[in-house]
Amino acid sequence: MKRVAFIAPTNLPVPAIKSGGIEQLIQNLIDENEKTPLIHIYLISAYDRDSKKLEKHYKFTDFLNVKYSFHRKVFNFLNRKLFSKLFGYKYFHHFLIQIMNILRNNKFDKVIIFGNDTHIVPVSKVVEKKKIIYYDASILLQRINDFSLVSKIFVGSNMVKTIFLNNSEILQDDDIKVIQSGIDIEYFNNINKEFQNRKIREKYQLDADIPIICYLGRLSEDKGILPLLQAARQIDNTVSFKLIVIGSFGLAFGSKSNRVLNNYEQEVHSLLMELGERCLYLGFVAKDDLIEYLAAVDIGVVPSIAEDPSPLAYFQYQAMGIPTIVSDSGGIPEFFSSDYSIMVKRGPAMVNKMAQALSLLIENKSLRDSMASCAVKNREYLGTNRYFHDFIKFV
């Protein structure tokens with residue numbers, strides 16, 4: 001059985017109790033490998049006390065946690081801020097030094113770097129190129145030349161592959177493999193939607209027939225939360241709806257953060273407040289609780305502005321049988337169908353077009369029901385079994 005090292009991005013743990021898109025994909029892979037063990041996984045990820053408790057359930061994954069303790073932070077500061085200036089040598093972050101030590105002291109058949117291109121150079125110092133694979137999560141091109149140090153790149157859509165090839169004189173077509181993301185279908189099936197729908201509506205005192213719209217993701221500019229809020233503001237006051245916003249500013253992912261909001265985030269916060277009773281801002285919601293809210297949703301929105309490779313939220317809405325409004329961002333058109341979605345083009349007219357699409361679905365329950373029944377037909381293909389075997393084939 002091949003020994004394959006997975007390197008998670010940085011601060012979020014796996015098992016993915018604090019969510020995170022790429023962490024959830026890693027979670028799906030290690031879960032599927034438990035059902036059909038084809039490789040032995042050595043997972044290098046950030047230490048988390050609560051996540052650590054779940055590791056005992058895995059027989060075919062060894063967890064190699066990286067701790068960033070106080071004394072390591074001091075050591076890291078001295079290395080990078082003081083010694084690097086004194087001796088003119090660039091020191092790697094201590095988090096990366098720990099990863100390098102793990103790779104140096106163990107023999108792996110493959111090493112897969114998930115979603116953090118800053119890991120490529122340090123990993124290449126201790127692992128030969130033919131063993132290194134990079135799994136892209138967000139079309140990172142700032143270090144495009146670093147990809148010459150890896151043997152393969154995994155991407156979530158053909159659009160991303162094209163962008164990589166167009167921006168590199170080194171990469172060839174066969175260097176990049178397309179793997180559509182997968183989600184845990186059993187997780188989305190294992191819910192009493194009617195009961196949970198009533199529970200959520202009772203909890204927030206919402207009428208049984210008021211349409212619930214959902215935004216799920218970070219409240220960042222690239223994810224398009226601002227045009228969605230602007231579109232919601234445009235909808236006539238006589239039209240009843242409730243917009244549920246699930247996600248946090250920045251990269252807090254549920255942890256406490258006292259940082260000052262930037263100008264964009266302040267604008268988002270102001271619009272959340274301006275929408276008043278029409279909007280319910282929940283902030284970060286842990287994965288185990290997310291399903292409870294999605295069970296009550298009538299319309300899902302994926303309004304990405306930047307090139308979103310393969311948004312999990314879109315697949316999650318489909319798995320729940322939720323009609324969606326999506327932008328034409330990134331890989332979304334590859335997974336789009338008018339049977340269960342309405343697409344809005346980005347640009348100057350985006351807010352107006354999104355407001356029109358929202359109004360159409362809010363006021364037309366029969367259309368929502370028809371789209372919902374079409375969405376659930378995709379469930380099997382969206383599952384982690386197909387995703388895992390595609391992944392193994394390319395590894």
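This is a short tour of a predicted model, stop by stop, with something to select at each one.

Before setting off, note that residues are numbered from 1 along each chain as its sequence is written, and that side-chain values use heavy atoms, with hydrogens and water left out. Because the model is predicted, local features need pLDDT of at least 70 and side-chain atom pairs count only at pLDDT 80 or more, while totals for chains, interfaces and linings use all residues.

**Stop 1: α9 and α10**

Select residues 225-234, helix α9, together with residues 263-275, helix α10. Helices (H or I, at least four residues) and strands (E, at least two) are DSSP runs, numbered from the N terminus. The two helices pack at an angle of about 25 degrees, with their axes 10 Å apart. Axes are lines fitted to C-alpha atoms, for helices over the stretch in contact, and angles run from 0 to 180 degrees between N-to-C directions. α9 and α10 are therefore roughly parallel to each other (under 35 degrees; over 145 is roughly antiparallel, 65 to 115 roughly perpendicular and the rest oblique).

Now show side chains. On the α9 side, the contact (heavy atoms within 4.5 Å) includes Ile 225, Leu 226 and Leu 229; on the α10 side, Tyr 264, Val 268 and Leu 271 are among the partners. The contact residues of α9 with α10 comprise 10 nonpolar, one polar and three charged. Here Ala, Val, Leu, Ile, Met, Phe, Trp, Tyr, Cys and Pro count as nonpolar, Asp, Glu, Lys and Arg as charged, and the others, Gly among them, as polar.

**Stop 2: α9 and α14**

Keep α9 and add residues 350-362, helix α14. Their axes come within 8 Å and cross at roughly 60 degrees, so α9 and α14 are oblique to each other. Pro 227, Leu 228 and Ala 231 are among the α9 residues in the contact, and Met 350, Val 351 and Leu 358 are among those from α14. Nine nonpolar, three polar and no charged residues make up the contact of α9 with α14.

**Stop 3: α14 and α15**

Hold on to α14 and bring in α15, residues 365-375. These helices pack at about 95 degrees with their axes 6 Å apart, which makes α14 roughly perpendicular to α15. Look for Leu 360, Leu 361 and Ile 362 of α14 meeting Leu 367, Arg 368 and Met 371 of α15. Five of the residues in this contact of α14 with α15 are nonpolar, none is polar and one is charged.

**Stop 4: two backbone details**

Which peptide bond is cis, with omega near 5 degrees? Zoom in on Val 14 to Pro 15; Pro 15 sits in the loop between β1 (2-7) and α1 (21-35). Next, select Gln 205, in the loop between α8 and β8 (212-216). Phi of Gln 205 is near 55 degrees, a positive value in a residue other than glycine.
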